[in-house]
Protein chains: 2
Amino acid sequence: MKAFQDYYPDHLAHCYGCGRLNEHGHRIRTYWDGEESVTRFTPREYHIAVPGYVYGGLLASLIDCHSTASAAAAMYRSEMREMDTEPSFRFVTGSLQVRYLKATPLGPELLIRGRVREIDGRKVIIDSTVFVDGASTVRGEVIAIQMPEDFGA
Amino acid sequence: MKAFQDYYPDHLAHCYGCGRLNEHGHRIRTYWDGEESVTRFTPREYHIAVPGYVYGGLLASLIDCHSTASAAAAMYRSEMREMDTEPSFRFVTGSLQVRYLKATPLGPELLIRGRVREIDGRKVIIDSTVFVDGASTVRGEVIAIQMPEDFGA
């Protein structure tokens, strides 16, 4: 099953967080699950804030890339188009708000779930939550802005 | 000259963003420059969003760790204590807000500058800005919360 990121054109697939062509990066993969978007990611043993707990900057990064991918997918869906049709949508982050509700334990796979709050022209707002073992630990809001079609080309 | 992070006790010096003992991490170093705190950091060639531009998740991470370090230093200063005196202060991130003003070019050293907006009990609010070649590209606001003294011990 193809992830949202699998549809990014090659020249926009180098992002450290989500680019399938960045061999040093996180290479997250995001899918629809009904009305929500989902990403699963297991941090490395060195992605820590203090021993035993996940680094907040990684959690912010996961929310960021999960949300911009969700914004793109939501825009295709709003136009009732498949993600392999042209023109292709890619989003950049206008703003990122992250609230750390509690420490996120290191070890289990993290589940990030996103919901589309609003689509307004080239702007999409996504609410995303990080879960670990069923408990939410981080909440994020991303205002994603559609890239100009020639960006990075 | 010792950085703020050099004063973190060993058991709290493993953070991926700022821990001097995390050999995989960014190991940022923050200092006072008058009333402002400053961190300088040069991203790696793979820390990209699209080729030629710095990854937003890295920028969020730099703002996060720069700001929690600044919060700790500000708290010592408000008590007119040196950073090598007890009890030691460490902060976690309660919330992180990042606004991306424009794309941050990859290559030059980044300068992050922080200002203490407010100290209220165990909470410190830091405003931080990322500059590249003198231009601001990202603005962040971090609400940092003082860790319990026994956290991570």
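**Exercise 1. A helix in chain B**

Work out why helix α1(B) counts as largely enclosed by the rest of the structure.

Solution. Start with the count: of the 23 residues of α1(B), 20 are buried, so the rest of the structure largely encloses this helix. Here a residue is buried if 20 or more other C-beta atoms, placed from the backbone, lie within 10 Å of its own. Next, place the helix in the chain: α1(B) covers residues 56-78. Helices (H or I, at least four residues) and strands (E, at least two) are DSSP runs, numbered from the N terminus. Then check the length: the helix reaches 32 Å from first to last C-alpha, close to the expected 33 Å. That expected span is 1.5 Å times one less than the number of residues. Finally, look just past the helix, where Met80(B) has a positive phi, near 50°.

Before you go on, a word about the model: it is predicted, so local features need pLDDT of at least 70 and side-chain atom pairs count only at pLDDT 80 or more, while totals for chains, interfaces and linings use all residues. Residues are numbered from 1 along each chain as its sequence is written, and chains are lettered from A and ligands numbered from 1 in the order in which they are written.

**Exercise 2. The sheet**

Trace the open sheet of 12 strands and find the strands at its edges.

Solution. First, read the order: β1(A)-β2(A)-β4(A)-β5(A)-β6(A)-β3(A)-β3(B)-β6(B)-β5(B)-β4(B)-β2(B)-β1(B), with antiparallel pairing. Two strands pair if DSSP finds at least two bridges between them. Second, go to the edges: β1(A) and β1(B), each residues 30-33, have a single partner strand, so one side of each lacks a neighbour in the sheet. Third, look at one edge: β1(A) pairs with β2(A) (residues 36-41) over four bridges, with Tyr31(A) opposite Val38(A). These two strands form a hairpin with two residues between them, and Gly34(A) in the turn has a positive phi of about 65°.

**Exercise 3. Where the chains meet**

Find the strands that join the two chains within the sheet, and describe the side of chain A that touches chain B.

Solution. Begin with the strands: five bridges join β3(A) to β3(B) (residues 91-100), and the two run antiparallel. Among the partners, Arg99(A) stands opposite Ser95(B), Ser95(A) has Arg99(B) as its bridge partner, and Val98(A) faces Leu96(B). On its own chain, β3(B) pairs with β6(B) (residues 135-146) over nine bridges.

Now widen the view: the contact takes 31 residues from chain A and 31 residues from chain B, two residues being in contact if their C-beta atoms, placed from the backbone, lie within 7 Å. On the side of chain A, β3(A) gives the largest share, eight residues. By class, this side has 15 nonpolar, 14 polar and two charged residues.

**Exercise 4. The symmetry**

Say how chain A can be laid on chain B.

Solution. A turn of 180° with a shift of 0.0 Å along the axis does it, with an RMSD of 0.0 Å. This is the relation of a two-fold axis. The copies are superposed by least squares on the C-alpha atoms of residues with pLDDT of at least 70 in both. Of chain A, Gln97(A) comes closest to the rotation axis, at 2.2 Å (C-alpha). To finish, compare the surfaces: 100% of the contact residues of chain A recur in chain B.

Key
Nonpolar A, V, L, I, M, F, W, Y, C, P; charged D, E, K, R; others polar. Buried ≥ 20, exposed ≤ 12 C-beta atoms within 10 Å, placed from the backbone.
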